[in-house]
Amino acid sequence: MDAVVATSLIRMAASDLTMTRWHRPSDAYLVQLGLDALMADIEAPSLPLLAGLARGEYHQARELFVLVLEELGLLSLASDDLAKARWTAARWWAGQIVAGQLDPVHGAELIYQESAAELDYPDVLQPIVDLARAFDLPNDQLPDQQHIRDRVTSVARDFLAIEAHQNHSL
């Protein structure tokens, strides 16, 4: 993960802090974001404190996360910045799926829930969304899971190719 992806995930979590209690990111997730940001060479005075919290100290994660947001200048989230962060995350998750670093089912669900749904289901992400929805079927209607995993990987590869083409065409 690079600094752009880590910052995008932090932005997304920051926007989710304002959601209802059961939709907010968990304290453990905030600590993991801190660790990922440190590994991506992001610097903020409170970041090592957040990343270094032990399980029994997770109750401090939200307060430290807000400090990290302040230190990184990420507190005032513009909708354009958040949309850009969601696209960055979708591309990164797709890349992780294609590289075999992220389970295709989990990756498709992340792209569906964290990016596509929040971006109002853009056409380019719709094939991934459709496949992610296939896993929400009742057990007696579940299609061949390996076939779906293979399709997710293929669709993620197609999405990355489209994105690369659009970025080179600009």
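pLDDT is the predictor's confidence in each residue, on a scale from 0 to 100. You'll want that number in mind, since this is a predicted model, in which local features need pLDDT of at least 70, side-chain atom pairs count only at pLDDT 80 or more, and totals for chains, interfaces and linings use all residues. Residues are numbered from 1 along each chain as its sequence is written, and side-chain values use heavy atoms, with hydrogens and water left out.

**Stop 1: the whole chain**

Colour the chain by pLDDT: the mean is 86, and 88% of the residues reach 70 or more. Now switch to cartoon view. You should find 8 helices and 0 strands (helices are DSSP runs of H or I with at least four residues, strands are runs of E with at least two, and both are numbered from the N terminus). Walking along the sequence, you meet the pattern α-α-α-α-α-α-α-α.

Try selecting residues 47-51 next: that's helix α3, with the highest mean pLDDT among the elements, 95. Then jump to residues 145-169, helix α8, where the mean is lowest, at 83.

**Stop 2: α1 and α4**

Select residues 3-16 (α1) and residues 61-72 (α4). Their axes come within 11 Å and cross at roughly 125° (axes are lines fitted to C-alpha atoms, for helices over the stretch in contact, and angles run from 0 to 180 degrees between N-to-C directions). The two helices are therefore oblique to each other (under 35 degrees is roughly parallel, over 145 roughly antiparallel, 65 to 115 roughly perpendicular, and the rest oblique).

Which residues make the contact? Show I10, A13 and A14 of α1 with F65, L69 and L72 of α4 (contact means heavy atoms within 4.5 Å). By class, that's 6 nonpolar, no polar and no charged residues (Ala, Val, Leu, Ile, Met, Phe, Trp, Tyr, Cys and Pro count as nonpolar, Asp, Glu, Lys and Arg as charged, and the others, Gly among them, as polar).

**Stop 3: α6 and α7**

Now pick residues 104-116 (α6) and residues 126-134 (α7). These helices pack at about 120°, with their axes 8 Å apart, so α6 and α7 are oblique to each other. On the α6 side, show A108, E109, I111, Y112 and A116; on the α7 side, I128, V129, A132 and R133. Sorted by class, this contact has 7 nonpolar, no polar and 2 charged residues.

**Last stop: zoom back out**

How much of the chain is buried? Of its 170 residues, 40% are (buried means under 20% relative accessible area, exposed over 50%, partly exposed in between, using a 1.4 Å probe and protein chains only).
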